[in-house]
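Work through the following exercises with the structure open beside you, and try each task before you read its solution.

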Amino acid sequence: GHIVHNWKARWFILRQNTLLYYKLEGGRKVTPPKGRILLDGCTITCPCLEYENRPLLIKLKTRTSTEYFLEACSREERDAWAFEITGAIHAGQPGKVQQLHILKNSFKLPPHISLHRIVDKMHDSSSGIRPSPNMEQGSTYKKTFIGSSLVDWLISNNFSANRLEAVTLASMLMEENFLKPVGVRSMGAIRSGDLAEQFLDDSTALYTFAESYKKKISSKEEISLSTVELSGTVVKQGYLAKQGHKRKNWKVRRFVLRKDPAFLHYYDPSKEENRPAGGFSLRGSLVSALEDNGVPTGVKGNVQGNLFKVITKEDTHYYIQASSKAERAEWIEAIKKLT
């Protein structure tokens, strides 16, 4: 509520550029609508972690800076609504929301192709992408390529069937830190955390290979290493929010703690595959709770409360948020036993 900040059940209907909400009486919506949220110019935050005891929130901020907090019944429902609303915000034509939804659920890399293989081929001297000097707003950037040439290359090498798929695949390469934005246009889009504005299919936005790219070990070695990591006994698992390393946005992940060997892996709950989105060895790691008053150093956004940090032996910092102080204490205790 806007005047009295209490929580009430409302029936929501998403239209092309408007989110309507109705009162409920006897399980049925009461017309006319109680209110409407114009989505043109809206920004969306999901997951929204501003309420400690409400982990299933979506926050909408309208063009006039009015804020709406919407609570779903489950993570799946929250993420589904967030995806559809995001699509509606950026839908330039009818059917775009449905198109995005179909793509999100259907696009998967063939099992014999990995992101590492794609990046290896991108670096191929004869058939890969050739970085060159490019100019943006009066500045010259060496060893870069434009977003649309990346999309063209992914399609011509049969990694994607169309431009929408290629943009999705390119964003996956950026998420995994194989590519990085260069220049004002693409950097600004990344900071906004908005896939629809990343200009990955744009002839004026610049990108380059991330410095962290190295020739990867063979697929057999990679599989055996992954098998060893995941062979430990599961000690604890559950849902926690994690701050991203690159874009610093917060996402809910399913964490799995294993011993012998000691690893902490995290999975994307929106994907069916059982392969972790990331993970790290706990040998030589440090874990500690972060202060609950104010936003701790290293944490981006207005994220406060129930935070803890894991610093790996390689000095990589992971910022994680539990849903309660008790849950945070349990995770810290469990991790400490394995470091």
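Strands, like helices, are runs assigned by DSSP and numbered from the N terminus, and a strand needs at least two residues. The model used here is a predicted one.

**Exercise 1. Cis peptide bonds**

Task: Determine where Pro-32 is placed, and describe the peptide bond that leads to Pro-32 from Thr-31.

Solution: Begin with the location, which is strand β3, made up of residues 28-38. Then turn to the bond from Thr-31 to Pro-32, whose omega is near 0°, and this bond is cis. A further cis bond joins Asp-260 to Pro-261, with omega near 5°, and Pro-261 is found in the loop between β12 and β13.

**Exercise 2. Two residues with positive phi**

Task: For Asn-158, decide whether the residue is buried or exposed, and do likewise for Asn-306.

Solution: Start with the backbone, where phi is near 65° for Asn-158 and near 60° for Asn-306, each a positive value in a residue other than glycine. Next, place them in the chain: Asn-158 belongs to the loop between α4 and α5, whereas Asn-306 belongs to the loop between β15 and β16. Finally, apply the cut-offs, by which buried means under 20% relative accessible area and exposed means over 50%. Asn-158 has 67% relative accessibility and so counts as exposed, while Asn-306, with a relative accessible area of 1%, is buried.

**Exercise 3. The packing of α4 and α5**

Task: Work out how helices α4 and α5 are oriented to each other.

Solution: Two packed helices are described by the angle between their axes and the distance between the axes. For α4 (residues 147-156) and α5 (residues 163-175), the angle is about 110° and the axes are 9 Å apart. Angles of 65 to 115 degrees count as roughly perpendicular, and α4 and α5 are therefore roughly perpendicular to each other. As a last step, examine the contact, in which residues of α4 including Leu-150, Val-151 and Leu-154 meet residues of α5, among them Ala-166, Val-167 and Leu-169. The residues of this contact divide into 8 nonpolar, 1 polar and 2 charged.

**Exercise 4. The buried side of α8**

Task: Find which residues of α8 are buried, and state what they pack against.

Solution: First, note that α8 covers residues 325-336 and reaches 16 Å from its first C-alpha to its last, close to the 16 Å expected. The buried residues in α8 are Glu-327, Arg-328, Trp-331, Ile-332, Ala-334 and Ile-335. Because they cover an arc of only 165° around the axis, they lie on the same side of α8. The buried residues of α8 pack against β11, β12, β13, β15 and β16.

Conventions. Residues numbered from 1 in each chain as written. Predicted model: local features only at pLDDT ≥ 70, side-chain atom pairs only at ≥ 80, totals over all residues. Heavy atoms only, no water. Helix = DSSP H or I, 4+ residues; strand = E, 2+ residues; numbered from the N terminus. Expected span 1.5 Å × (residues − 1). Buried < 20%, exposed > 50% of the residue type's maximum accessible area, 1.4 Å probe, protein only. Arc of directions from axis to C-beta. Contact = heavy atoms within 4.5 Å. Axes fitted to C-alpha atoms, helices over the stretch in contact; angles between N-to-C directions. Parallel < 35°, antiparallel > 145°, perpendicular 65-115°, else oblique. Nonpolar A, V, L, I, M, F, W, Y, C, P; charged D, E, K, R; others polar.
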